[in-house]
Amino acid sequence: MEHKPKCEMCKKSEAKYFAHSVSVEYSSLEWLFVCGRCANAGHIKYDFEMSRFFANKHSTIDWMAHLNEKNWFSPRAFFNMFKRLRAAGNYYGGA
Ligand SMILES: [Zn+2]
């Protein structure tokens, strides 16, 4: 069964954004899924709505290509976030 992943920062609200954090506290993660309130916290350098990323195939492909153009983008950190998101949402066994 699918769960709604909770924000990795406050651990309370539903995660709605993918966020790149520059905070030392989250430096080992870099990328986190967070709620709207935490996405607006000062240490988030870059964020976007998960619903936009997953809106459709074009959107997902465009976002991944767009992120890859950024010189600070770390694919390892980004996909590590997906590993945690898969566990948090129980998104195993895709089509
Ligand atoms: Zn939060």
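I'll start with one residue pair: His 20 stands opposite Tyr 46 in strand E3. On the other flank, His 20 stands opposite Trp 31 in strand E2. This is a predicted model, so please take every number today as computed from that model.

His 20 belongs to E1, so let me describe that strand. E1 covers residues 17–21, and five of its five residues are buried. Which residues point which way? Tyr 17, Ala 19 and Ser 21 point one way from E1, while Phe 18 and His 20 point the other way. As a general matter, side chains in a regular strand alternate between the two faces of the sheet.

Now the sheet itself. The sheet is open, has three strands in the order E2-E1-E3, and its pairing is antiparallel. E2 and E3 stand at the edges with a single partner strand each, so one side of each has no neighbour in the sheet. From one strand to the next, the twist averages 25 degrees. How many bridges join E1 to its partners? Four bridges join E1 to E2, and five join E1 to E3, which spans residues 44–49. Ala 19 also has a bridge partner in E3, namely Asp 47.

Next, E2, which holds residues 31–34, including Phe 33. Is Phe 33 buried or exposed? Phe 33 counts as buried because 25 C-beta neighbours lie inside 10 Å, and the cut-off for buried is 20 or more. Beyond its neighbours within four places in sequence, Phe 33 is in contact with Pro 5, Glu 8, Ala 15, Phe 18, Met 50, Met 81 and Leu 85. One further distance for this residue: its C-alpha atom is separated by 11 Å from that of Gly 89, and the two residues are 56 apart along the chain.

On to the core. The largest nonpolar core has 13 residues, and those with the most contacts inside it are Cys 7, Ala 19, Leu 32, Val 34, Cys 35, Cys 38 and Ala 39. E1, E2 and helix H1, residues 36–39, are the elements that give two or more residues to this core. Which element gives the largest share? That is E2, with four residues. Staying with Cys 38, this residue touches Cys 7, Met 9 and Cys 10, if residues up to four places away in sequence are not counted.

For contrast, look at helix H3, residues 57–68. H3 is hardly covered: the count of buried residues among its 12 residues is zero. H3 reaches 17 Å from its first C-alpha to its last, close to the 16 Å expected at 1.5 Å a residue.

Finally, the whole chain. The protein chain has four helices and three strands, and along the sequence these follow the pattern β-β-α-β-α-α-α. Buried residues make up 20% of the 95 residues. Of the contacts with a separation of 6 or more, 52% come from residues 24 or more positions apart. The C-alpha trace spans about 35 × 30 × 20 Å along its principal axes. How does the radius of gyration compare with that of a compact globule? For 95 residues a compact globule would have a radius of gyration near 12 Å, and the protein chain has 13 Å, which agrees.

To go back to the start, His 20 has Trp 31 opposite it in E2 and Tyr 46 opposite it in E3.

How values were computed. Residues are numbered from 1 along each chain as its sequence is written. This is a predicted model: local features need pLDDT of at least 70, side-chain atom pairs count only at pLDDT 80 or more; totals for chains, interfaces and linings use all residues. Two residues are in contact if their C-beta atoms, placed from the backbone, lie within 7 Å. Two strands pair if DSSP finds at least two bridges between them. A nonpolar core is a set of buried Ala, Val, Leu, Ile, Met, Phe, Trp, Tyr and Cys residues joined through C-beta atoms within 7 Å. The expected span of a helix is 1.5 Å times one less than its number of residues. Axes are lines fitted to C-alpha atoms, for helices over the stretch in contact, and angles run from 0 to 180 degrees between N-to-C directions. The radius of gyration is taken over C-alpha atoms; the globule rule is 2.2 Å times the number of residues to the power 0.38.
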